[in-house]
Amino acid sequence: RRERALLWCVLVAAWEAAWGQLRYSVPEEMPKGSFVGDVAKDLGLELTALRDRDLRVVDTGRTQYFYLDLQNGHLSIKERVDREEICAAAGKCVLNFEILVKHPMKLYRGEVEILDINDNSPSFPERNSVLEISEYTAPGTRFPLEKAQDPDIGVNSLQHYECSESPYFTLDVRNSDDSVKYPELILVKSLDREEQAVHNLILTATDSGSPVKSGSTIIQIIVLDGNDNAPEFTRSVYKVTVREDVAVGSRVLQVTATDRDEGSNAEVKYSFFKIPEKFDKIFKLYPESGEIEITEKLNFEEQHFYELDVQARDSGGLSSHSKVLIKVADVNNHVPEIVITSVFSPVPEDTPLGTVIAIFNVQDMDSGANGEVRCSIDENLPFRLERSFGNYYSVVTAEELDREEVAEYNVTVRATDGGSPALRSSAVLALRVLDVNDNAPVFAEARYSARLPENNAAGALVLTVRAADADWGQNARVRYRLSEGRVRGAPLSSYLFTLDSRTGDVRVTGPLDYEERKYYEAAVEGKDGGGLSAHAKVHIDILDVNDNAPTL
């Protein structure tokens with residue numbers, strides 16, 4: 001049956017993935033390595049491309065129950081999943097996951113529904129309990145019994161109560177507004193302590209799972225003598241709402257019961273009636289006054305509602321019961337948390353508009369408006385925020401980048417919740433702009449001139465050309481060469497002059513003769529590491545020296 005259910009879940013997941021949402025479902029308690037879903041197939045990705053595109057399950061800082069196998073593209077169980085531990089009594093238990101594809105950067109969201117199996121039996125807090133009832137108690141009186149607990153849900157949860165047969169008692173089961181079943185004993189026949197002082201009943205709770213599981217407790221009923229009237233509460237249900245930041249030691253409510261008897265039979269004392277142990281540590285009930293005090297700090301995110309059974313008992317042994325419902329109001333006491341999922345840095349300066357350069361999500365454990373978070377970045381930046389889904393945001397380019405103007409950006413992401421007063425947090429994305437060869441070299445002068453006497457020494461420096469490039473690194477490294485100029489059919493660079501490609505120094509290779517040539521001209525090219533170039537002219541005048549005698 002488990003294999004058939006798993007196959008059906010995979011088929012449904014594949015259909016839903018075609019609509020852009022990955023959905024799978026698996027039974028709880030599956031062993032590690034168990035198959036959940038074929039992510040590669042559902043996203044339409046080839047197995048050979050999984051590593052190249054760098055797929056991974058996003059780490060949110062919490063327990064990771066699933067992992068992605070890059071060999072076959074399957075999503076598999078990483079940690080044992082106990083539905084009751086994760087979702088308690090929630091009707092639907094869903095674990096969300098995100099798949100990040102880096103090339104190109106894209107985020108897919110998915111969810112895995114954890115299906116309940118009947119792995120828990122109904123159980124009572126105590127295997128034996130004692131109920132004391134006066135022999136004067138009128139037929140029709142109801143006595144609340146300890147309810148059983150079953151962490152499973154649906155048909156696997158507690159469904160029925162049964163009680164062993166007795167001529168004096170019958171069992172009735174009431175359903176509360178939250179569908180919880182409460183067993184109660186109803187007295188159907190008057191008791192006589194002299195005839196039978198003790199009655200023993202077996203209360204059994206069963207679920208409707210396959211196979212059916214059950215749990216039992218023994219109820220010992222002791223018949224008390226005398227005392228005609230039981231205490232009566234002023235209300236059947238007491239309700240109160242308290243803020244989660246209420247101080248420890250605060251008294252939030254007082255219950256009151258009266259007894260129409262006289263003397264010691266009218267003395268009433270209050271106590272909690274079989275409430276969960278953890279509730280007993282949070283609240284204290286004063287037996288004399290009926291005041292309820294908070295003894296531990298409340299936490300709305302852990303428990304936002306408490307239901308307490310209170311008993312009023314007189315000295316003669318008669319008792320009555322009432323319920324106390326305490327609702328915890330959320331207080332804005334959690335700062336929004338920004339979790340950076342991925343950052344693409346450095347960013348090429350020719351990146352197209354709308355390119356995703358970072359993905360992050362924001363979490364706030366508060367509820368309602370206190371948990372609603374708004375994110376923003378500075379408006380004077382060439383980026384903007386786009387909401388992806390849920391609490392995920394993308395930082396995308398909104399304007400063209402220019403490394404020559406701004407080489408680095410520190411983008412501050414701010415998160416503000418809707419509480420009053422609002423709580424805020426921030427995170428900084430350090431983004432470096434990667435240079436692109438979009439600037440050609442520029443010579444300091446369009447025409448360089450020099451005057452040089454004839455008969456100069458070889459290697460003499462004539463002039464220096466200089467070109468600057470606004471780019472960075474290899475793109476800004478300029479090399480020089482003589483591109484024009486010839487003497488007697490030979491290139492100028494090989495005949496009379498040399499140009500240092502790195503420094504731009506122009507030197508002569510030997511002595512010049514004014515009587516042979518009075519000036520020289522050539523073109524100089526400066527080219528950067530990316531292939532962009534610029535040109536300038538070089539003009540050299542030769543100065544005459546009196547190196548010739550007159551002749552007749």
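## Leu385 and its surroundings

Leu385 is partly exposed, with a relative accessible area of 22%. This value comes from a predicted model. A residue counts as buried under 20% and as exposed over 50%, so 22% falls in the class between. Leu385 belongs to strand S28, which covers residues 383-387.

Leaving aside residues up to four places away in sequence, Leu385 touches Phe360, Cys375, Ser376, Ile377, Ser394 and Val395. Asn546 is 161 residues from Leu385 in sequence, and the two C-alpha atoms are 78 Å apart in space.

## A four-stranded sheet

Four strands make up an open sheet, in the order S16-S23-S22-S19. The pairing in this sheet is mixed. Strand S16 (237-243) and strand S19 (268-272) are the edge strands, and each of them pairs on one side only. On average, and with direction ignored, neighbouring strands of the sheet are turned by 25° against each other.

Strands of a sheet pair through backbone hydrogen bonds, and the pairing is either parallel or antiparallel. Strand S22 (residues 305-314) pairs with strand S23 (residues 319-329) in the antiparallel sense, over nine bridges. Arg313 stands opposite Ser319 in S23.

## Strands S17, S20 and S21

How many bridges join S17 and S21? There are three, and the two strands pair in the antiparallel sense. Leu253 has Ile292 in S21 as its bridge partner.

Strand S20 (residues 283-285) also pairs with S21 in the antiparallel sense, over three bridges. Here the bridge partner of Leu285 in S21 is Ile292. S20 and S21 form a hairpin with five residues between the strands, and in this hairpin Gly290 takes a positive phi near 80°.

## Arg251: a salt bridge and a ring

Arg251 and Glu293 meet through their side chains in a salt bridge, at 3.4 Å from N to O. This pair links distant parts of the chain: Arg251 is in strand S17 (residues 251-254) and Glu293 is in strand S21 (residues 291-294), 42 residues apart. Is each partner buried or partly exposed? Arg251 is partly exposed, with a relative accessible area of 44%, whereas Glu293 counts as buried because its relative accessibility is 12%.

The charged end of Arg251 also sits over the ring of Tyr286, 4.1 Å from the ring's centre. Elsewhere, Lys323 lies over the face of Tyr182, at 4.4 Å from the ring centre.

## Other salt bridges

The structure has 22 salt bridges by the rule used here. One of them joins Arg23 and Glu111, with the closest N and O atoms 3.4 Å apart. Arg23 lies in strand S1 (residues 22-27) and Glu111 in strand S7 (residues 105-115), so this salt bridge ties together parts that are 88 residues apart in sequence. Arg23 is partly exposed, because its relative accessible area is 32%.

A salt bridge also joins Arg142 and Glu184, and its closest N and O atoms are 2.9 Å apart. Arg142 is in strand S9 (residues 142-144) and Glu184 is in strand S12 (residues 181-187), so the pair ties together parts that are 42 residues apart in sequence. Arg142 is partly exposed, at a relative accessible area of 32%. Glu184 counts as buried, because its relative accessibility is 11%. Which residues are joined into one network with Arg142 and Glu184? They are Asp172 and Arg174, and the network arises from salt bridges that share partners.

## Aromatic pairs

The model contains 13 aromatic pairs. One of them is the edge-to-face pair of Phe443 and Tyr448, with 6.4 Å from centre to centre and 75° between the planes. Phe443 and Tyr448 are both buried.

Phe497 and Tyr520 also form an edge-to-face pair, with 5.5 Å from centre to centre and 70° between the planes. This pair links distant parts of the chain: Phe497 is in strand S39 (residues 497-499) and Tyr520 is in strand S41 (residues 519-527), 23 residues apart. Both Phe497 and Tyr520 are buried. In addition, Tyr24, Phe66 and Phe97 form one aromatic cluster.

Note on methods. Residues are numbered from 1 along each chain as its sequence is written. Side-chain values use heavy atoms; hydrogens and water are left out. Rings of Phe, Tyr and Trp (its six-membered ring) pair if their centres lie within 6.5 Å; planes under 30 degrees apart count as stacked, over 60 as edge-to-face and the rest as tilted. Buried means under 20% relative accessible area, exposed over 50%, partly exposed in between (1.4 Å probe, protein chains only). A charge sits over a ring if NZ of Lys or CZ of Arg is within 6 Å of the ring centre and within 35 degrees of the ring normal. Contact means heavy atoms within 4.5 Å. Two strands pair if DSSP finds at least two bridges between them. Axes are lines fitted to C-alpha atoms, for helices over the stretch in contact, and angles run from 0 to 180 degrees between N-to-C directions. A salt bridge is a side-chain nitrogen of Lys or Arg within 4 Å of a carboxyl oxygen of Asp or Glu.
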